Amino acid sequence: MTGRNMATAAEYGHNSWELSVQVDQREGDEGMKFKLRVKGDLHVGGLMLKLVEKIKAPQDWSDHAIWWEKRSCWLLKTHWTLDKYGVQADADLRYTPQHKPLCIQLPNMKTIRLPVSFSCVVFKAVAEICKALNIRRSEELSLLKLPDDQKKKKKKDKGPESVFDEILNMDMAGGALGLYSKTMTPTYDPDSGSPASSTSLWFGENPVTACQPNLPQEELAKLFKPLTMEDKAAINAGWLDSSRSLMEQGIQENDRLLLRFKYHCFFDLNPKYDAVRITQLYEQARWAILLEEIDCTEEEMLMFASLQYHICKLTLSTEPLTNSNEPEIDEVEAALSNLESTLEGRNADKILEDITDIPKLEDTLKLFRPKRLTLKPYKEYWFVFRDTTISYYKNKESANKEPIEQLHLRGCEVIPDVNVTEKKFGLKLLMPAADGMNEVYIRCDNETQYAKWKAACILASKGKTMAYSSYRTEVKNIQSFLQMKSLAPPPGQAAPDVESMEMKAECFVSPRYARKYKTKQLTTRILEALHNISQLSLMEAKMRFIQAWQSLPEFGIKYYIVRFRGSKKDELLGISYNRLIRIDMSTGLLVTTWRFSNIKQWNVNWEIKQVTIEFDQSVSIAFSCQSCDCKVVHEYIGGYIFLSTRSKDQNETLDEELFHKLTGGQD
């Protein structure tokens, strides 16, 4: 008796205390609670060892780690002591699996349940998810959490039987992963010989590479909700913090998150290796257009509709969906080029050898400058485009004199003003000025002239001249885009047979356009537009769709509500892949833009939650975020700058440390 008392006294010796630990079993098993006698100098690894000895359950505990709920942090440094972590007797700890099931809605709106690491930072967790799905360049994607009111509305609107309620279960560690090998072969159950997972609602063999069928118009109408700028800002506030774990951000197992392309600069897209990536990009673009998350003209909507119809037909065809018969990379260069050359500061552009002979454009164009209280029509002038500047003169003979005006295009916005059917080929140029943006409209006579001048303007806005090799490719891209938009059938072609369209035309346009047309009218217009793209292969058609999406003026712009330093009213900040845009919230008009390429430095004052950015030429801006945490905006800007450091000659391993340095808020 005395000996037992002595042992107890030693065990309950100086500085020891009782620690409570909840042990989570595998999904479906009940958890257990243990009390352990510990000292502050016990390291976390030793605590886990004590726990496993006490549990006495024959189980692989290698994925388990300690989670401290109160502090919302993982105790992953197993060599650290409890004292170093600040763990005391009142700490309720959980010994829980690091990988937990997460419901992930893919860009094609299908949901998969996948075990994901809840302990590593989101940047790594997304890389893990993308690896399982065979999506290269995971740094372009992230996880988005919808605002609570959006989730409630969706639940209410969809009703009990929605096509989006089906969840496909996947296993990171085995079986289903064969689906996502580079050969894209499906996995089969060895006993029954049938496919390993249900693909009842999917086209083709593979639930991730295959396109989803278009929804009936009534289903689409239930999903459609016109979004105000405030709605868009609320949704964009939901991007998870890439430098913290899922668990640290309050995500629970089986929560539903959206996997989306967050950064709109799609690097090194290659049809040979990127079947999943291209399909998911196409799907994200398709849903953005069908749900009117991005504006497009009627002509563009019909072009997108014809591409969707063509893709649906090819996907439903009996031909197996392999990529071996896709053209080599150089054959689809026109479709790829502007996808690969979107970011400034990249090494993709090789300057022509003879730098002394920079090409110039000269032609008669029409110009219009909107001024208050006057509506003067377009007027003809002689235009000369040299370097990054447009000069215009009264006529060709005056070109050796002083120009009427010079337009400096570096940093300007180039917005198309085009209707191919009506032969209208215009450009709207918005140029930075001290008091906002100077607005100029230029009208071209034909497609060829328009393509050359628009391409030159786009390059000049990035500070590049027509001497860059990408100029010719840009011209080709614009011409092919205009050709796709042409809805008029070629001369002599018979009117399309509306009965030949096997699917309902309304499925391929947004609800607003479906209401505008009768079914027969819409079918005729889609079939007329089809003649421009009917020769495209499945992969080429998806690439053209992505390229056309990229050509829309609003492409890639994410909106946030901010308040600029010195201002008393809320304004919108648009973040795009190459610039920041200040927008008047009441009118929706652009106030000014700032290019990422001109940023010298930026930082966040975490105390007052203010982002400060310094640009070239002593320009400085500061703003506080009203619709989200300023970390969200800071990460977006830093992320785009990080992505601009990628180059083709480096392998696919990324400098994760640099990413966190640029996005994490350190100086």
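## Strand β3 and its surroundings

Let's start with strand β3, residues 64–68: five of its five residues are buried, so the strand is largely enclosed by the rest of the structure. Keep in mind that this is a predicted model.

Which way do the β3 side chains point? H64, I66 and W68 go one way and A65 and W67 go the other, with all of them buried. That fits a general pattern: in a regular strand, side chains alternate between the two faces of the sheet.

β3 also has strand partners on record here. The table puts the two pairings next to each other.

| Partner of β3 | Residues | Bridges to β3 | Direction | Example pair |
|---|---|---|---|---|
| β4 | 73–75 | three bridges | antiparallel | W68 opposite C73 |
| β5 | 92–97 | five bridges | antiparallel | A65 with T96 |

The link from β3 to β4 is a hairpin, with four residues between the two strands. In that turn, S72 has a positive phi of about 50°.

Now for a residue in a loop. Where is S510? It lies between α12 (470–485) and α13 (511–516). Buried or exposed? With a relative accessibility of 0%, S510 counts as buried. Leaving aside neighbours within four places in sequence, the contacts of S510 are I289, L290, E292 and M301.

Zooming out, the protein has 17 helices and 24 strands. Of its 667 residues, 52% are buried. The exposed area comes to about 31,700 Å², and carbon and sulfur atoms supply 49% of that. As for contacts between residues at least 6 apart in sequence, 64% join residues at least 24 apart.

How far should you trust the coordinates? The average pLDDT for the protein is 82, and 79% of the residues score at least 70. Two stretches call for some care. Over residues 173–205, pLDDT stays under 50, and the model has 69 contacts beyond four places in sequence for them. Over residues 327–355, pLDDT again stays under 50, and here the model has 68 such contacts, beyond four places in sequence. Where pLDDT is low, the predicted coordinates should not be read in detail.

Note on methods. Residues are numbered from 1 along each chain as its sequence is written. This is a predicted model: local features need pLDDT of at least 70, side-chain atom pairs count only at pLDDT 80 or more; totals for chains, interfaces and linings use all residues. Side-chain values use heavy atoms; hydrogens and water are left out. Buried means under 20% relative accessible area, exposed over 50%, partly exposed in between (1.4 Å probe, protein chains only). Contact means heavy atoms within 4.5 Å. Accessible areas come from the Shrake-Rupley method with a 1.4 Å probe; for residues, only the protein chains shown count as cover. Two strands pair if DSSP finds at least two bridges between them. pLDDT is the predictor's confidence in each residue, from 0 to 100.
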